[in-house]
Amino acid sequence: MISYQWCSELDSGDRDEVLALVAAAADYDDEAGFSSINPGDVTSTSRNGVRVYHLPITARRDLSARDDAPLVVVAYLHLQVDDGGLGTAQFVVHPDYRSRGIATMLVEEVGLDTTVDGGWEGTGAVALRCWAYGTHPASERLTRRFGVAPVSRLWTLFRHLSGPFASPLDDVSVPDGITLAEARPLEDSTASKSIEEVLDAAALVPAQRERLTDDIRLGAGSVVIATDSSGAPLGFVWFDSTVSTHLELDAASVRALVLTEAARREGLGTTLLVVALGALRDAGAQIALIRIDPDDAGAVRMCRLLSFEQEEEHSCYQVGEWAEVPSF
């Protein structure tokens, strides 16, 4: 009922269909606050240290049994495999074809064996990871059926910024000896240099560093940098004031908050987060969204004290052995 063909680069026809699918999925999932594949990934190709594979999945329109029904792209899988054979997969189904067994059919046909010669599906992947965003029964049923267990969790938290459920934001309290710069565009060259310096000193595992670097490279928004008395960067908060609808309210996101190891446990994280929340409120957002690792006790405590509430839990599923903790 479905057909597919791996490729290292999508041809123009498939690329346009996949981009349209990704856009439709993003619009559909926006209300739920789920992540979607970045359009930049659809057009990406292999680069130094990373092999990229694309898998557009086609079927007859409306899953028709008629041979004369046109073929359309109903789902798309994006795979990145590093030099160690670790593969990160992203998968999305067109909203019109969800809950119709597309993912199950794909897994039944390609399998999940990463131990064969050449790796999974000949891609060289000896292990696979994929995030399922949102507590979704379909992903839970699929992973239970094929015996794939989650190896990590992620929470989406929200905070009311205006309206009857909003608590007031405290005045920004900057720790002694620390200066906060004015918010700058994410792509600002000076900001980019400071971000790199913070990431270098933040003790992130390589997978987390690479994922965050990619998100920043492909993302938009503003960044506030904190520096010490010598001008050395100590941390940054990245936020995007673009407002979208979430839970029938206008929402905007805090995309990342990163501190150097030396700057932690001094209250700087709270200061930067309050600054970002104020900027989102002033931009018209009624609620702020942020994602955190529930195993990060400091982040959980900080967000609880700032009146964030948990909304969704996301799961990272894994096949094969993988030494590093999941990035997100």
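Leu 19 sits in helix H1, which covers residues 12-30. Keep in mind that you're looking at a predicted model. Is Leu 19 buried, exposed or partly exposed? Its relative accessible area is 27%, and because buried means under 20% and exposed means over 50%, Leu 19 counts as partly exposed. Leaving aside residues up to four places away in sequence, Leu 19 touches Pro 39 and Val 42. If you want a feel for distances, try Leu 234: its C-alpha atom is 38 Å from that of Leu 19, and the two residues are 215 apart along the chain.

Now zoom out to the whole protein. Its secondary structure comes to eight helices and 13 strands. The radius of gyration is 21 Å, close to the 20 Å that the globule rule gives for 328 residues, so the protein is as compact as a globular protein of that length. Along the principal axes, the C-alpha atoms fill a box of roughly 70 × 45 × 35 Å.

How do the contacts spread along the chain? Take those between residues at least 6 apart in sequence: 71% of them join residues at least 24 apart. Of the 328 residues, 43% are buried.

On the outside, the protein exposes about 16,400 Å², with carbon and sulfur atoms supplying 48% of that. As for charges, there are 26 positive and 50 negative ones, and their mean positions are 2 Å apart.

Next, the inside. In soluble globular proteins, nonpolar side chains tend to be buried together. Here are two nonpolar cores to look for:

| Core | Number of residues | Some of its members |
|---|---|---|
| Largest nonpolar core | 30 residues | Val 254, Leu 268, Phe 308 |
| Second, separate core | 27 residues | Trp 6, Ala 75, Ile 102, Met 105 |

In the largest core, the residues that touch the most other members are Val 254, Leu 268, Leu 273, Leu 277, Leu 280, Ile 290 and Phe 308. Several elements give two or more residues to this core, among them strand E6 (150-160), strand E10 (233-246), strand E11 (249-259) and helix H8 (297-305). Which element gives the largest share? That's H7, with seven residues; this helix covers residues 268-282.

Ile 290 is a nice one to click on. Not counting residues up to four places away in sequence, Ile 290 touches Trp 155, Thr 156, Leu 157, Val 254, Leu 273, Cys 303 and Phe 308. Val 254, Leu 273 and Phe 308 also appear among the residues that touch the most other members of the core.

Definitions and conventions. Residues numbered from 1 in each chain as written. Predicted model: local features only at pLDDT ≥ 70, side-chain atom pairs only at ≥ 80, totals over all residues. Heavy atoms only, no water. Helix = DSSP H or I, 4+ residues; strand = E, 2+ residues; numbered from the N terminus. Rg over C-alpha atoms; globule rule 2.2 N^0.38 Å. Buried < 20%, exposed > 50% of the residue type's maximum accessible area, 1.4 Å probe, protein only. Contact = heavy atoms within 4.5 Å. Areas by Shrake-Rupley, 256 points an atom, 1.4 Å probe, with all protein chains shown as cover. Lys, Arg positive; Asp, Glu negative; His and termini not counted. Charge placed at Lys NZ, Arg CZ, Asp CG, Glu CD. Core = buried A, V, L, I, M, F, W, Y, C linked by side-chain atoms within 4.5 Å.
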